[in-house]
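Student: I've just opened this one and don't know where to look. Can you walk me through it?
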Amino acid sequence: MPIGSRLFKHLPIAVARPRGPLARYGLQASIRRTFASSSVTFSGLTALSRKVAVAQGDLSVPPPSDVDTIGVHEQNQHAVISAFDLFSVGVGPSSSHTVGPMRAGKIFINDLIELGMLEKVKNLKITLYGSLAATGKGHHTPQAIVLGLEGSDPETIDTGTIPSRYEAIVETKHLRLGGHHSIHFNMDRDMLWRWDQVLKTHPNGMRFSVFDEDGTLLATNEYFSVGGGFVVNDKTKVDENLFYKGVDKSIVHGARLAQTHSNADGESEDTPPSPTQPPYPFTSGDSLLALTRKHNMTIAQIVYDNERHFGLEPHEIRQKIRKIWSVMDDCIRMGVTSAEDKLPGRLGLRRRAPMLYRRLMRGFYPGLSTPSLPAIGAGSPAYAAIDAPEDSKAGEQSSSPKSAGPRQDRALAARATRVVGSLDHPVLPMPPRKTVIPAMDFLSCYAIAVNEVNASGGRIVTSPTNGAAGVIPAVLKYIIEFVSDDPEKSVETFLLTAAAVGMLFKRGSTISAAEGGCQAEVGVACSMASAGFAACMGASPETVLQAAEIGIEHNLGLTCDPIDGLVQVPCIERNSLGAVKAVTAAQLSMASQSVYSVTLDEAIEAMRLTAADMSVKYKETSLSGLARTVKIPLTMPNC
């Protein structure tokens with residue numbers, strides 16, 4: 001009898017009453033809830049085939065009920081989460097489609113191990129829904145899930161081994177659950193892609209089901225990757241902190257699992273604070289601003305003290321901040337020194353960060369003429385600085401005997417210039433010229449470098465997502481290299497301030513492109529970076545939040561329409577523009593002298609409403625926009 005028929009034959013069977021990890025994650029084998037028709041809804045995507053739906057252009061917008069589900073929380077839920085849940089080390093190319101599914105796979109297997117059920121498993125079925133199914137292949141979702149089921153974690157996995165391990169699983173049709181229990185697994189048969197169905201909780205839904213040798217269902221669970229690498233299910237969404245990011249909740253401080261508070265400003269004159277309540281809980285930008293005024297603290301100080309409440313000592317907080325920045329900085333370094341010409345995928349997209357960086361270095365060090373790529377200098381262990389390339393230093397000390405001098409070099413350059421346009425016309429063509437705007441050029445180069453590493457599946461920091469991972473590192477790197485006289489202080493101030501703004505978006509709207517389009521990723525990252533930049537410039541908390549407002553206001557409505565489902569076009573360039581826009585927003589806020597018309601809370605609410613009104617075709621499904629109009633393969637001009 002085939003497995004499918006056995007599944008329905010054993011509908012009444014369920015795992016014994018859940019305890020321990022079973023209760024924590026809601027792992028269950030109750031087919032009544034999981035396979036009931038009420039658990040699956042057709043939200044914007046019809047049951048027709050994808051090609052027919054796209055051809056007819058008949059995809060509907062999300063139902064009006066979505067307005068009440070995106071970014072809505074109970075009144076007693078504060079926005080405070082750990083900055084190290086918001087910023088975490090992972091693997092590219094997507095936080096919601098790669099990091100989250102890998103964590104979900106490991107959580108599922110860990111529960112089976114603790115329940116003593118793993119050795120009974122003979123078959124595994126994986127079903128992907130909604131956006132996970134629509135763009136999962138381009139976002140490496142299959143690789144992430146199967147490696148998570150084998151026990152890998154996005155923070156520690158060796159990124160260089162991912163392609164070979166995945167290929168081995170596909171070719172041998174064997175999967176080692178938990179790293180040691182081998183089962184037969186056929187990727188084509190055992191992984192189902194239901195892009196036409198969306199589960200109620202979130203568009204990024206996945207279901208894992210395991211069976212014994214007789215085809216009897218042992219256990220099943222649904223997980224939802226809600227953006228930024230966070231994973232929840234119905235159980236954790238109800239009674240635990242929706243925003244905790246991790247695999248094993250039993251090893252963390254209890255305060256990180258609570259999301260309620262008793263009053264708005266976090267303290268009471270008569271009642272001692274709850275042990276699960278941070279000292280400075282806030283629910284909105286206004287409440288955060290009120291805390292800074294009442295206690296005469298900066299936003300970074302508020303976040304720092306809340307981290308202490310999560311059980312971290314001062315040296316541990318600084319160590320974690322250094323680690324986050326170190327990975328960001330290494331990512332920039334890898335991006336600008338990569339020897340690979342193209343990014344993976346059908347687009348055949350050329351890497352641009354190495355060329356952009358080399359040209360910038362030529363501007364700083366004219367003697368540089370070698371085709372080899374200069375590396376970002378070592379600097380201090382945690383805060384690297386750009387040093388002059390060794391080739392340029394050598395070039396300045398000695399000249400080639402074959403060189404005819406600078407006059408001939410200028411003549412050769414002049415002969416290479418070509419004017420396009422008719423010279424016999426009243427409006428003469430403009431001669432080609434190059435401008436160097438250091439802030440824009442370096443910001444763009446850094447952001448593109450990070451996102452090219454992300455697109456190739458490299459080590460990355462979700463900030464707050466992988467698709468927008470280039471904005472914050474680019475702005476922070478620019479501050480350290482060209483503005484700050486105290487890099488360590490700048491890194492702490494920047495990341496803690498940016499984290500506070502990210503928390504507000506996490507509570508008040510979304511950081512998931514599958515829910516809100518790219519405004520939820522690059523838009524939020526731009527807002528966070530704007531706040532961090534303003535804070536590093538010594539701006540007041542009010543000005544910092546206004547910088548964040550400007551950053552998101554001019555990203556409202558930004559759609560997510562990745563070509564071929566890859567986090568490459570328009571994602572990489574969009575991060576570059578997001579970094580430049582972040583600095584501009586901060587500069588505008590500092591020049592406004594506290595004169596503004598829109599608050600951050602109003603902008604976050606506007607983003608939530610925009611996300612609810614946006615068609616699913618523009619929410620990380622690659623059903624419209626550039627994903628529909630651009631033909632593959634692409635051709636990219638030289639830099």
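Tutor: Sure. This is a predicted model. Start at helix 8, residues 141-149, which lies across strand 3 (123-129), strand 6 and strand 8.

Student: What angle does helix 8 make with strand 3?
Tutor: Helix 8 runs at about 145 degrees to strand 3.

Student: Which sheet are those strands in, and in what order?
Tutor: An open sheet of five strands, in the order 6-3-8-9-10. The pairing is mixed.

Student: Which strands stand at the edges, and why does that leave one side without a neighbour?
Tutor: Strand 6 (191-194) and strand 10 (231-232) stand there. Each has a single partner strand, so one side of each has no neighbour in the sheet.

Student: Back to strand 3. Is it mostly covered or not?
Tutor: Mostly covered. Six of the seven residues in strand 3 are buried.

Student: How does strand 3 pair with strand 6, parallel or antiparallel?
Tutor: Parallel, with four bridges joining them. Isoleucine 126 has methionine 191 in strand 6 as its bridge partner.

Student: And with strand 8? How many bridges?
Tutor: Six, and strand 3 and strand 8 are antiparallel. Threonine 127 stands opposite arginine 207 in strand 8.

Student: What about strand 8 and strand 9?
Tutor: Strand 8 (residues 205-211) and strand 9 (residues 217-225) pair antiparallel over seven bridges. There, valine 210 has alanine 219 in strand 9 as its bridge partner.

Student: Which helix lies across strand 8, strand 9 and strand 10?
Tutor: Helix 6, residues 95-114. Helix 6 runs at about 150 degrees to strand 9.

Student: Let's zoom out. How many helices and strands in the chain?
Tutor: 26 helices and 11 strands. The chain has 639 residues, and 56% count as buried.

Student: New topic: the largest nonpolar core. Which residues touch the most other members?
Tutor: Phe87, Phe282, Val475, Leu495 and Phe505, out of 110 residues in that core. Helix 20 (residues 487-508) gives the largest share, 11 residues. The core also draws at least three residues from each of domain 1 (96-227) and domain 2 (299-357 + 437-626).

Student: What is phenylalanine 505 in contact with?
Tutor: Leaving aside neighbours within four places in sequence, the contacts of phenylalanine 505 include Ile511, Val524, Ile552, Leu600 and Met607.

Student: What's in the second core?
Tutor: That separate core has 39 residues, among them Leu118, Leu177, Phe185 and Trp195.

Student: Last one: how much area does the chain expose?
Tutor: About 27200 Å². Carbon and sulfur atoms supply 53% of that area.

Conventions
Residues are numbered from 1 along each chain as its sequence is written. This is a predicted model: local features need pLDDT of at least 70, side-chain atom pairs count only at pLDDT 80 or more; totals for chains, interfaces and linings use all residues. Side-chain values use heavy atoms; hydrogens and water are left out. Two strands pair if DSSP finds at least two bridges between them. Helices (H or I, at least four residues) and strands (E, at least two) are DSSP runs, numbered from the N terminus. Contact means heavy atoms within 4.5 Å. Axes are lines fitted to C-alpha atoms, for helices over the stretch in contact, and angles run from 0 to 180 degrees between N-to-C directions. Buried means under 20% relative accessible area, exposed over 50%, partly exposed in between (1.4 Å probe, protein chains only). Accessible areas come from the Shrake-Rupley method with a 1.4 Å probe; for residues, only the protein chains shown count as cover. A nonpolar core is a set of buried Ala, Val, Leu, Ile, Met, Phe, Trp, Tyr and Cys residues joined through side-chain atoms within 4.5 Å. Domain bounds come from an automatic or database domain assignment.
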